[in-house]
Amino acid sequence: RQAADPETPMTAADDSAQAKDKPPVQVAGSLYDCTFSVKPPGRGWFSNDDLRFFGAAAAFYRLALAYPLSFFLFNLKWNIIWLEWYEVPACTLFYLLIPVASYVIILGQELWKKLRGIAPVNADLTSPFFDLPESMFARINARATTETIHRVGSFLQFGTDMFALRHTYLDIACTKEYWISLLDAVGARRPRQLALWTNGEVINVGDGVGAGISDLVCKITDSYIGIGDKVFKRGEDFAPPVAKAGDVAPLTEVLRKDPRYKGKRAIMTELIAPVSKSRLRLSTGDFSNVHSLDIITVRDSTGTVKVLSCLLWTNCKTWTTHSCGDGYVIDANTETIVGRPSFYSFAFAKPRDPSLPSLVGMKVPGVQDALRKACAAHGASQLPWLTSVGWDAMITDEGVVFFEGNVGCMRTPRYMFILGNQSVSAWIDVFGIAPRTDGKCLQPARAHKSVAAKKAA
């Protein structure tokens, strides 16, 4: 689509003609429905009534009984990746005690803080997506839930594939450049890359940093949750008047001083502006229109890619949605905001500021096109173990722009266990358990073929 007049409001009609001949967006059945239909426990998500940990623990033991050898091998590999070498033997030998032991350890940590008068801190991740409850027991349950669902969810997604499991800790194959290649393969919009940090220096790419009028965003290619992200201001950090057009020396100097960039590779792209408020208001109050569409796509055991969820993060304090103050669930079928993702983290389970209007009921034109592009990009991947992907995108005056993808190892489990054993069963029935390195899929007898088996056939 050509750039539109920024003063012309965007409406659902803008995309109706283009969407008419396109197939409907495929969603992940009952798991998708959970994102806006599931009811919170008595006093709400992340309250003392939120007992998702026990559902996750039950799933742990269910899988241990159903797939004893594979689940043991998975836990051995998980421990090798995530634990210190001296912890691996005991934690693997007594792996059946892990859910209980995790809960007891977290309980001890929180009690110790309480007795010492130490204020609780949200781990080392200063992001609303990892916000924890203030109540001690709700906090214990939330921390124990996170520990368990990521372990069990990784088995459901990746089985015993060691290469896949290593991506729960560090992006090896699935770097930011890999996601760029998938987005380019399906013609999705993305920010223009102007430079690359490699071997301790910045080099121009394509038109180079002298091109355009935008600031630069620098991202480490194998990083996640915004760790190491930097913004360079044009005219202040690089380009005239501080440096000649295209001169990368100032950028190299800054990155060489940052230990997070030592031995790393990073891409520098244009900083993209969100859609103007006059066309589409995606924030409330005095907040800027900075936002992101958080899209999760999942590939079932027949190889079909579907949408698991589409969330909107908004009311951001800075240029990144890691500073967002509100979130919403968007219905993929109607492009309508239908509620808040209060199950996602404590930050979104808290009562909203009553002085700010809600966006529930508003239509977000262009979402379906974004979902189709996300599914197509996921489908373009040749990695058979890539069961789920979390895509980050933003609506601009020219349409939806994708920033990157992420292996869905940390996002998807939040949905897998939302209904406890029921949602776990729904996942196994539709998706099975990811192919092992031998290409076989661990599934109930009536389940579908794995992606690898399908290709072999």
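The questions and answers below concern a predicted model of one chain.

User: How many helices and strands does the secondary structure of the chain come to?
Analyst: The chain has 457 residues, and 53% of them count as buried. Its secondary structure comes to 15 helices and 11 strands.

User: What share of the contacts with a separation of 6 or more is between residues 24 or more positions apart?
Analyst: The question leaves aside contacts with a separation below 6. Among the rest, residues 24 or more positions apart account for 68%.

User: Which strands stand at the edges of the open sheet?
Analyst: The open sheet has 6 strands, paired antiparallel in the order β9-β8-β7-β6-β10-β11. A strand at the edge has a single partner, so one of its sides is left without a neighbour in the sheet. The twist from one strand to the next averages 35 degrees. The edge strands are β9 (336-339) and β11 (399-407).

User: In β7, which residue is the bridge partner of R299?
Analyst: Strand β6 covers residues 292-299 and β7 covers residues 305-316. The two run antiparallel and are joined by 8 bridges. The bridge partner of R299 in β7 is V305.

User: Which helix packs on the sheet, touching β7, β8 and β9, and what angle does its direction make with that of β7?
Analyst: The helix in contact with β7, β8 (324-331) and β9 spans residues 29-37. This is helix α2, and the angle between its direction and that of β7 is about 25 degrees.

User: Which element gives the largest share of the largest nonpolar core?
Analyst: The largest nonpolar core has 92 residues, and L156, W391 and F402 have the most contacts inside it. The largest share from one element is 8 residues. That element is β7.

User: How many residues does the second, separate core have?
Analyst: In soluble globular proteins, nonpolar side chains tend to be buried together. In this model a second core stands separate, and its members include V209, C218, V248 and M268. Its size is 17 residues.

User: Which residue in β5 does A195 stand opposite?
Analyst: Strand β1 (residues 193-198) is mostly covered, with 6 of its 6 residues buried. It pairs with β5 (residues 266-270) in the antiparallel sense over 4 bridges. Within this pairing, A195 stands opposite M268.

User: Which residue in the turn between β1 and β2 has a positive phi, and is it buried or exposed?
Analyst: β1 also pairs antiparallel with β2 (residues 201-204) over 4 bridges, and L196 stands opposite I203 there. The two strands form a hairpin with 2 residues between them. One residue of the turn has a positive phi of about 55 degrees although it is not a glycine. It is N199, and a relative accessible area of 76%, against a cut-off of over 50%, makes N199 exposed.

User: Is F46, with its positive phi, buried or exposed?
Analyst: F46 lies in the loop between α2 and α3 (52-66). Its phi is near 65 degrees, a positive value in a residue other than glycine. The relative accessible area of F46 is 11%, and buried means under 20%. F46 is therefore buried.

User: Which residue has its backbone oxygen 2.7 Å from a polar atom of the side chain of S154?
Analyst: S154 lies in helix α7 (residues 136-158) and, at 1% relative accessibility, counts as buried. Beyond four places in sequence, S154 touches F74, W78, I149, G159, L165 and T168. The backbone oxygen at 2.7 Å from its side chain belongs to H150.

User: How far apart in space are C316 and D326, C-alpha to C-alpha?
Analyst: C316 lies in strand β7 and is buried, with a relative accessible area of 3%. Not counting residues up to four places away, C316 touches F287, S288, V290, T321, S323 and C324. C316 and D326 are 10 residues apart in sequence, and their C-alpha distance is 8.0 Å.

User: Which residues does the cis peptide bond with omega of about 10 degrees join?
Analyst: One of the two residues lies in the loop between β4 (230-232) and α10 (249-256). The cis bond joins P240 and P241.

How values were computed
Residues are numbered from 1 along each chain as its sequence is written. This is a predicted model: local features need pLDDT of at least 70, side-chain atom pairs count only at pLDDT 80 or more; totals for chains, interfaces and linings use all residues. Side-chain values use heavy atoms; hydrogens and water are left out. Two strands pair if DSSP finds at least two bridges between them. Axes are lines fitted to C-alpha atoms, for helices over the stretch in contact, and angles run from 0 to 180 degrees between N-to-C directions. Contact means heavy atoms within 4.5 Å. A nonpolar core is a set of buried Ala, Val, Leu, Ile, Met, Phe, Trp, Tyr and Cys residues joined through side-chain atoms within 4.5 Å. Buried means under 20% relative accessible area, exposed over 50%, partly exposed in between (1.4 Å probe, protein chains only). A polar contact is a pair of N or O atoms within 3.5 Å; within protein, one must be able to donate a hydrogen and the other to accept it, and residues adjacent in sequence count only if both atoms are side-chain atoms.
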